[in-house]
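Open the model in your viewer and keep the selection box ready. The tour goes stop by stop, from a sheet to its helices and on to a loop.

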Amino acid sequence: MNRTQAQTPDPTTAGHGSGTGAGTGGSGGGAADLLIVDADIVTMAPGREVVTGGAIAIVDGRIADIGPAGALRVAYPHTPELDAAGCLVVPGLINAHQHTTADPLIRSSIPDHVPAQQAIFDWIVPLHAAVTGDDDELAATLTAVEALSYGVTTLLEPGTVAHPLRVAAGLRTAGIRGRVGRWGWDTPDAPYAMPAADTLAAQAETVTALAGDPLVTGWITLVGHDLVSDELFTGAAELAERLDVPMTWHLSPSADDPAAYAVAGRPRPVLHLRDLGVLGPRLLLGHAVWLDDDELEVLAASGAAVASCPGAYLRLGQGFTRAGRHTELLRAGGRLALGCDSHNAGDVPDVWQAARLFAGLDRDRGAVDPLRADEIFALATIDGATAVGLGQLTGSIEVGKAADLVVLDTRTIAWTPGGDLATQLVWGAASHTVRDVLVDGRPVVRDRRITGVDVDALRTEATRRRADLLRRAGIDIPHRWPAVPATEYRAHRTGPAGATPPQ
């Protein structure tokens, strides 16, 4: 594979990134890896404090101290500094549902007027049949680089068909925190289906191979819908328990799943999962848009979480404005996170955009108690992290947690003048003002430049692989506007009353 070459991080700013150090709580006694100084800090800690004019000390990838810059300089002498004067530091955002395979290489290519099932079987299935391990690794790197540039520090991949370890390598190259799994389903005659026992063995192989990785770990990822037998559902839950890892699958993004379950003689999807005994805190359901009252009640009480991807539901016309009940789920005590789905559904792995869409759709459809901006931003950070089982590690800026941090440049015109921070973070300036990003204390974006990947080489390679992948899949991209060379356009252009072009 022509992989993009990593650039050497700046030794004056790079943290250890090991993720193994414990927070010092301000004890000091030596140099830290990095001090972020003179920033306003949105902690998203339980008290939701905003620390003004503050500094953050990072030791071994963890937040070791928070306080005034002068005090931290004394406590951690001779430490490299990242100047954040005039900036806002927020926790890294959580993308709880982001596909990274095939789609990133053909982004904005599947026509937006075709039904979701046609998009899957006429486009996605042939693409996955043609995709190689090199393609998957590159696509994952491409997705992670884009996500990091938007301030997303944790990306949960809800299943890749054939090359999960190559996907993990791609995420690791970019430096993002991630979870990866191999998709599984066992419906007879479905593309890529395997017997339940073989599917579970493949799942276990991925989780075991990634065990101990400080950033990118494995989890159990079934495709879900109506493509999974009861044997595989229960086997996956038992495997996740035995390996002590979370699991995810797709359910009810549209009305198709409830209808298919009814045809098969099953109860509605969430009720069926309850009856199988597989609902619980280990499970993250992708979507769960089409729920009835009983399903909502059961899901809220189960501890299972939902990843809501509003951009994808709008792009695919899946009825989120008619049927979506995610706010009701949250108000009933359920767990919720935000996701962006795929490059031909959500289109961009930008959680700021997902948060804004969720907030607007929630209010516009007349929710009785719509979520406020501060609650929406919590979904993108600490509440989202907690929903997916990472709340003790990331999602807020607190001593002892991983230094997954985003520096927003509030000196830009988009932040002038400043208003209520929660409102502005959700509705106003956000992803395009990301200046620096740290994951596990390591700067992965510095002054808006990716530090660990040659982006020019990545762009060139992605363009080449797109053409090769489409050729192997036998797909021609329909273009709605004709491309005309400039010389030809000028030669045939006519002005008013047939005038010739000026010379």
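Two strands pair if DSSP finds at least two bridges between them. Helices (H or I, at least four residues) and strands (E, at least two) are DSSP runs, numbered from the N terminus. This is a predicted model, where local features need pLDDT of at least 70, side-chain atom pairs count only at pLDDT 80 or more, and totals for chains, interfaces and linings use all residues. Residues are numbered from 1 along each chain as its sequence is written, and side-chain values use heavy atoms, with hydrogens and water left out.

**Stop 1: the sheet.** Select β6, β7, β8 and β9. They form an open sheet of four strands in the order β6-β7-β8-β9, with parallel pairing. β6 (93–95) and β9 are the edges; each has a single partner strand, so one side of each lacks a neighbour in the sheet. On average, neighbouring strands here are turned by 15° against each other, direction ignored. Axes are lines fitted to C-alpha atoms, for helices over the stretch in contact, and angles run from 0 to 180 degrees between N-to-C directions.

**Stop 2: β8 and its partners.** Select residues 177–180, strand β8. Which way do the side chains point? Arg177 and Arg179 point one way, Gly178 and Val180 the other, and all are buried. Buried means under 20% relative accessible area, exposed over 50%, partly exposed in between (1.4 Å probe, protein chains only).

Add β7 (residues 152–156): three bridges join it to β8, and the two run parallel. Thr154 stands opposite Arg177. Now add β9 (residues 216–218), which also pairs with β8 in the parallel sense over three bridges. Gly178 has Val216 as its bridge partner; Arg179 has Thr217.

**Stop 3: the helices.** Select α3 (residues 133–149) and α4. Their axes come within 7 Å and cross at roughly 35°. The crossing is right-handed, meaning that the near helix is turned clockwise from the far one by less than a right angle; anticlockwise would be left-handed. Contact (heavy atoms within 4.5 Å) involves residues including Ala140, Ala144 and Leu148 of α3 and Val167, Gly170 and Leu171 of α4.

**Stop 4: the loop.** Select Asp440, in the loop between β16 (434–439) and β17 (442–446). Buried or exposed? Asp440 is buried, with a relative accessible area of 2%. Show Arg177 again: the two side chains make a polar contact (3.0 Å). A polar contact is a pair of N or O atoms within 3.5 Å; within protein, one must be able to donate a hydrogen and the other to accept it, and residues adjacent in sequence count only if both atoms are side-chain atoms.
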